Amino acid sequence: MTYIPAPLDTVHVKLRQATPADFPTITDLLTRCDLHTSSVTPDGSTYWIADLNGVPGGCIGLEHGEDASLIRSTAVLPEARSQGLGRALVASALTYASLRGDRTVYLFSQEAGDYWRRFGFVPVGADEIATALPDTPQVQSGLLKGWIEREQAWKRVLGGGGGA
């Protein structure tokens with residue numbers, strides 16, 4: 001299905017936690033946003049899908065470790081952007097991480113640093129994520145394929161104001 005833009009006052013947004021059966025939808029959203037899908041898995045992860053007027057328009061995932069999670073696969077279709085969908089997805093993931101007792105949330109992002117700073121993320125070395133979350137699929141993929149040391153990593157401390 002294709003999302004058809006509507007006036008903001010008529011848009012119905014629904015966030016829902018994804019099930020394993022939703023992963024074809026998640027990989028489709030990521031592919032349509034030119035993001036990688038090779039290490040996307042429901043194992044050890046929690047994902048959400050944002051529906052706009054009943055049509056999937058975005059997604060976000062959290063890969064879980066001990067006391068920390070890794071945000072990944074944050075995507076909003078171009079035609080669904082600038083309606084607060086990304087902000088709602090990020091808020092949902094951060095709330096979930098806090099409720100599960102995470103002290104820190106990490107992510108990798110080369111191009112969207114200004115976006116993540118708005119949520120209290122600060123730059124850190126990729127080695128910090130690799131140490132904090134060695135068993136997560138995205139970290140394992142980065143180590144195996146050799147891209148992790150070239151990535152920009154970000155961190156937000158939960159409950160502590162987002163400082164380093």
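What follows is a walk through the strands, the largest pocket, the aromatic pairs and a few single residues of this structure. The model is a predicted one.

The strands come first. Strand β1, residues 13–17, runs antiparallel to β2, and five bridges hold the pairing together on paper. One point of that ladder puts Val-13 opposite Leu-52 of β2. On its other pairing, β2 meets β3, again in the antiparallel sense, this time over eight bridges. Within that stretch Trp-48 sits across from Ile-60 of β3, while Thr-46 has Leu-62 as its bridge partner. The β2–β3 hairpin has two residues between its strands, and Asn-53 there adopts a positive phi near 50 degrees.

Strand β2 (residues 45–52) is largely enclosed by the rest of the structure, since eight of its eight residues are buried. In a regular strand, side chains alternate between the two faces of the sheet. For β2, one set pointing the same way is made up of Ser-45, Tyr-47, Ile-49 and Asp-51, with Thr-46, Trp-48, Ala-50 and Leu-52 pointing the other way, and all of them are buried. Polar and charged names thus turn up alongside Trp-48 and Leu-52 in the list of buried β2 residues. Strand β3 is likewise largely enclosed, because nine of its ten residues are buried.

From β3 the pairing carries on to β4: the two run antiparallel and are joined by six bridges. His-64 stands opposite Ser-69 of β4 in this pairing. The β3–β4 hairpin has three residues between the strands, and Asp-67 in its turn shows a positive phi of about 65 degrees.

Strand β4 also matters for the open space in the model. Rolling a probe the size of a water molecule over the atoms shows where empty space is left. The largest pocket comes out at a volume of about 1100 Å³. It is lined by 35 residues, and those closest to its centre are Leu-35, Ser-73, Thr-74, Phe-108 and Ser-109. Two or more lining residues come from each of β4, α2, β5, α3 (113–117) and α5. The largest share belongs to β4, with six residues. Sorted by class, the lining splits into 14 nonpolar, 14 polar and seven charged residues.

Next come the rings. A pair of aromatic rings is described by the distance of the centres and the angle of the planes. Across the whole structure, seven aromatic pairs turn up. One of them joins Phe-108 and Trp-147 edge-to-face, at 5.4 Å centre to centre with 85 degrees between the planes. This pair ties together distant parts of the chain, as Phe-108 belongs to strand β5 and Trp-147 to the loop between α5 and β7 (153–157), 39 residues apart. Both partners fall under the 20% cut-off for buried: Phe-108 has a relative accessible area of 12%, and Trp-147 is at 18%. Another pair, Trp-116 with Phe-121, is edge-to-face too, because the planes lie at 80 degrees, with the ring centres 5.5 Å apart. Here Trp-116 is buried at 5% relative accessibility, and Phe-121 is buried at 2%. These two rings belong to a cluster that ring pairs build from Tyr-115, Trp-116, Phe-119 and Phe-121.

Helix α5 spans residues 137–145, and its buried residues are Pro-137, Gln-138, Val-139, Ser-141 and Gly-142. The cover over these buried residues includes β3 (55–64), β4 (68–76), β5 and α4 (126–132). Right after α5 comes Gly-146, with a positive phi near 80 degrees.

Two single residues round things off. Ser-92 lies in helix α2 and is buried, with a relative accessible area of 18%. Setting aside neighbours within four places in sequence, Ser-92 touches Leu-15 and Trp-48; the latter is the β2 residue that stands opposite Ile-60. Gly-101, by contrast, is partly exposed at a relative accessible area of 39%. Gly-101 is located in the loop between α2 (85–99) and β5 (104–108). In sequence Gly-101 is 33 residues from Ala-68, and in space their C-alpha atoms are 8.1 Å apart.

Definitions and conventions
Residues are numbered from 1 along each chain as its sequence is written. This is a predicted model: local features need pLDDT of at least 70, side-chain atom pairs count only at pLDDT 80 or more; totals for chains, interfaces and linings use all residues. Side-chain values use heavy atoms; hydrogens and water are left out. Helices (H or I, at least four residues) and strands (E, at least two) are DSSP runs, numbered from the N terminus. Buried means under 20% relative accessible area, exposed over 50%, partly exposed in between (1.4 Å probe, protein chains only). Contact means heavy atoms within 4.5 Å. On a 1 Å grid over the protein atoms alone, a cavity is a set of points where a 1.4 Å probe fits but cannot get out, and a pocket is an open set with protein on both sides within 12 Å along at least five of seven lines; lining residues have an atom within 4 Å of a point. Grid points are joined across faces, edges and corners, and a volume is the space filled by probe spheres set on the points. Rings of Phe, Tyr and Trp (its six-membered ring) pair if their centres lie within 6.5 Å; planes under 30 degrees apart count as stacked, over 60 as edge-to-face and the rest as tilted. Two strands pair if DSSP finds at least two bridges between them.
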